[in-house]
Structures are given as structure tokens and as C-alpha cells.
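Colleague: I would be grateful for a close look at a single part of this model, set in the context of the whole chain. Please choose one strand and describe its surroundings.

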Amino acid sequence: MKGTIKDLLQIPGVHGYIIVQGKSVQIKLPAKHKFAEAKERVMLIYNALSDPVKRPGNTVEILLDDVLLTAFLAGNTMLMVLSGLRVNQALLRMTGRLIIANMGKE
């Protein structure tokens with residue numbers, strides 16, 4: 001496994017992803033998903049987690065009602081993965097870490 005976005009989206013239970021770099025936000029979610037139009041909320045989460053001094057770690061999991069938001073951070077880049085609660089979390093974490101590591105190299 002190379003750790004690509006394609007690998008991530010093939011994990012059963014993953015709804016989509018959000019990539020934030022600085023002020024740029026790329027949201028790839030189904031149109032009817034409740035986070036599909038949540039750019040402001042995403043930026044609030046990014047701003048809260050982007051400071052390395054205040055950051056609790058490089059991988060942060062947030063439980064929101066029926067959605068698990070897993071944020072992978074590297075420098076000023078953040079990959080947020082939205083998934084169901086029954087997702088294989090070990091596979092999701094491993095794939096997310098590979099993806100964010102590859103993004104840091106580019």
C-alpha cells in the first residue's frame with residue numbers, strides 16, 4: 001500500500017476527506033453530507049490544531065454525533081477524514097499517516 005487518497009476512499013466506512021493547507025481548503029464529500037458545505041467549521045478546527053505548541057498530537061480524533069473526524073497534521077498541512085463509527089480505525093490511521101507523510105514530501 002502506497003498510502004494514496006484512492007486507498008483511503010476504498011476503506012469501508014470512509015465518507016470522504018478534507019485537505020487544508022494554509023487558507024486553501026479542498027473538500028471531497030458526498031453532496032448531501034452535513035460537512036460538504038462546512039468550510040468555516042473546518043477552518044476553525046484547522047486554526048485550533050495548527051499551532052504545534054497547543055496541538056495534542058499529530059493525529060487527532062474527534063467524535064461528532066455519528067461521524068468520526070480523524071485529523072492528520074504535518075506542518076501547515078492537515079488531512080481530515082470523515083468516516084462512520086464502524087470504520088477499521090487501525091487501517092484508517094495507517095493510511096492517513098502514509099498520505100500525510102507523502103504530502104509533506106511534495
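Modeller: Two strands are said to pair if DSSP finds at least two bridges between them. On that basis, in this predicted model, strand β1 (residues 14-21) is joined to β5 by 7 bridges, and the two run antiparallel. Within this pairing, V20 has M78 of β5 as its bridge partner.

β5 also pairs with strand β4 (residues 67-74), again in the antiparallel sense and over 7 bridges. Here A74 stands opposite T77 of β5. The connection between β4 and β5 is a hairpin with 2 residues between the strands, and G75 in that turn has a positive phi of about 65 degrees.

Strand β5 itself comprises residues 77-83, and 7 of its 7 residues are buried, that is, under 20% relative accessible area. In a regular strand the side chains alternate between the two faces of the sheet. Both faces of β5 are covered: one side carries T77, L79, V81 and S83, the other M78, M80 and L82, and all are buried.

As for the context, the protein contains 3 helices and 5 strands, arranged along the sequence as α-β-β-α-β-β-β-α. Of its 106 residues, 41% count as buried. Among contacts with a separation of 6 or more, 46% are between residues 24 or more positions apart. The C-alpha trace spans about 35 × 30 × 20 Å along its principal axes. A compact globule of 106 residues would have a radius of gyration near 13 Å, and the value for the protein, 13 Å, agrees with this.

Conventions:
Residues are numbered from 1 along each chain as its sequence is written. This is a predicted model: local features need pLDDT of at least 70, side-chain atom pairs count only at pLDDT 80 or more; totals for chains, interfaces and linings use all residues. Side-chain values use heavy atoms; hydrogens and water are left out. Helices (H or I, at least four residues) and strands (E, at least two) are DSSP runs, numbered from the N terminus. The radius of gyration is taken over C-alpha atoms; the globule rule is 2.2 Å times the number of residues to the power 0.38. Buried means under 20% relative accessible area, exposed over 50%, partly exposed in between (1.4 Å probe, protein chains only). Contact means heavy atoms within 4.5 Å.
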